[in-house]
Amino acid sequence: MSRNSDRMGAQTNADTAPTQQLIQNTETNDFSFIVPTELVDLPSKGAYYHEDHPLHGMDSIEIKQMTAKEEDMLTSRTLLKKGVALERVLASIIINKTIHPDSLLVGDRNALIIAARVSAYGNEYNTTVTCPECNTSQEYNFDLNHGKTYTGYTDPAYVTNNNNDGTFTTLLPRTKLEITFRLLNGADERRFVEGVEHDRKQKNTHERNITRQLLNMIVGVNGNTTSEAINYLVQNIPSMDARHLRAAYKEANPNIDLAQHFECSECDYESELEVPLSADFFWPDA
């Protein structure tokens, strides 16, 4: 399946990114640093934000490079326990303070996270992965500069209409229902994680990852936007239709694809493997 894709590079615009400067105060003999900033290309190109959002129609966002202050946030037990450490980091590095990290589309957030990590620690990411074939755990080195940026190609086999308001339409293959779905942002992603954690703490229940995801993205069923119609669909949707809907969302969603070639050192298994954004993503020397 073809997609619009660009090489991600370092996810910055090198021509417009200021270089770091060191200024000496001649009176006090003190030194002060101007923290360098960079422009990060947005996978969405600003196309799916409401017209009153600061990123509406914008194809990039300016961030400052991470400092020790942001590292403090990433290691704060209080922030980690509350699940807001990454939110605080994003809020700190985004130059335009009218942009709240929760309002960023998930793909745009991913672009910022990757760019911040590359500027702070470099593009090489060495982490532990598990071979899908033999289950052997091994160290593997990924190059974060080799990601691909998808700007949201709408394949008619999955997405029948781009409604130009941040929503899309798809026709379910089995029930023939017309579904309107929206792209998710940081707030949606946080609610999803909180919901899954809530499921895990409940007795005699199970995690509802798929139905929670569908409830987050669906906004209409054959034009019916009531919660009753959406809940009924999610609880009764055939697996074929649910799979189609998730594929349609992935097709429409602008994002960064970090899948890279993996070859197992034990069994010679080869495949494309998604780069795991685990706890050591921001701590390469940990």
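Where does N222 lie? In this predicted model, N222 is placed in the loop that runs between strand 12 (218-221) and helix 7 (227-236). The residue is not a glycine, yet its phi is positive, at about 50 degrees. With a relative accessibility of 49%, N222 counts as partly exposed, because the exposed class begins over 50%. A positive phi in a residue other than glycine is also found at N135, where the angle is near 65 degrees. N135 belongs to the loop between strand 6 (124-130) and strand 7 (137-143). Its relative accessibility is 58%, so N135 counts as exposed.

The protein as a whole contains 8 helices and 15 strands. Of its 286 residues, 41% count as buried. The exposed surface amounts to about 16,000 Å², of which carbon and sulfur atoms supply 47%. Among contacts with a separation of 6 or more, 60% are accounted for by residues 24 or more positions apart.

Helix 3 covers residues 85-93, and its buried residues are A85, E87, V89, L90, S92 and I93. These buried residues pack against four elements: strand 5 (60-64), helix 1 (68-75), helix 2 (77-82) and helix 4 (106-121). In general, an α-helix has 3.6 residues a turn, so residues three or four places apart point the same way.

Helix 4, one of the elements packed against helix 3, includes V106. V106 has a relative accessible area of 12% and is therefore buried, the limit for that class being under 20%. When residues up to four places away in sequence are not counted, V106 touches L184, N185 and E189. The C-alpha atoms of V106 and L183 are separated by 8.1 Å, although the two residues are 77 residues apart along the chain.

L183 and N185 also appear in the description of the second largest pocket, which has a volume of about 190 Å³. This pocket is lined by 13 residues, and those closest to its centre are Y48, L105, R182, L183 and N185. By class, the lining of the second largest pocket comprises 5 nonpolar, 6 polar and 2 charged residues.

Y48, listed among the residues closest to the centre of that pocket, is also part of an aromatic cluster with F168, F181 and Y249. In the protein, the count of aromatic pairs comes to 7. One such pair is formed by F281 and F282, with a centre-to-centre distance of 5.4 Å and 85 degrees between the planes. The arrangement of F281 and F282 is classed as edge-to-face because the angle of the planes is over 60 degrees. Both partners are buried: F281 has a relative accessibility of 3%, and F282 has a relative accessible area of 10%.

Key: Residues are numbered from 1 along each chain as its sequence is written. This is a predicted model: local features need pLDDT of at least 70, side-chain atom pairs count only at pLDDT 80 or more; totals for chains, interfaces and linings use all residues. Side-chain values use heavy atoms; hydrogens and water are left out. On a 1 Å grid over the protein atoms alone, a cavity is a set of points where a 1.4 Å probe fits but cannot get out, and a pocket is an open set with protein on both sides within 12 Å along at least five of seven lines; lining residues have an atom within 4 Å of a point. Grid points are joined across faces, edges and corners, and a volume is the space filled by probe spheres set on the points. Ala, Val, Leu, Ile, Met, Phe, Trp, Tyr, Cys and Pro count as nonpolar, Asp, Glu, Lys and Arg as charged, and the others, Gly among them, as polar. Helices (H or I, at least four residues) and strands (E, at least two) are DSSP runs, numbered from the N terminus. Buried means under 20% relative accessible area, exposed over 50%, partly exposed in between (1.4 Å probe, protein chains only). Contact means heavy atoms within 4.5 Å. Accessible areas come from the Shrake-Rupley method with a 1.4 Å probe; for residues, only the protein chains shown count as cover. Rings of Phe, Tyr and Trp (its six-membered ring) pair if their centres lie within 6.5 Å; planes under 30 degrees apart count as stacked, over 60 as edge-to-face and the rest as tilted.
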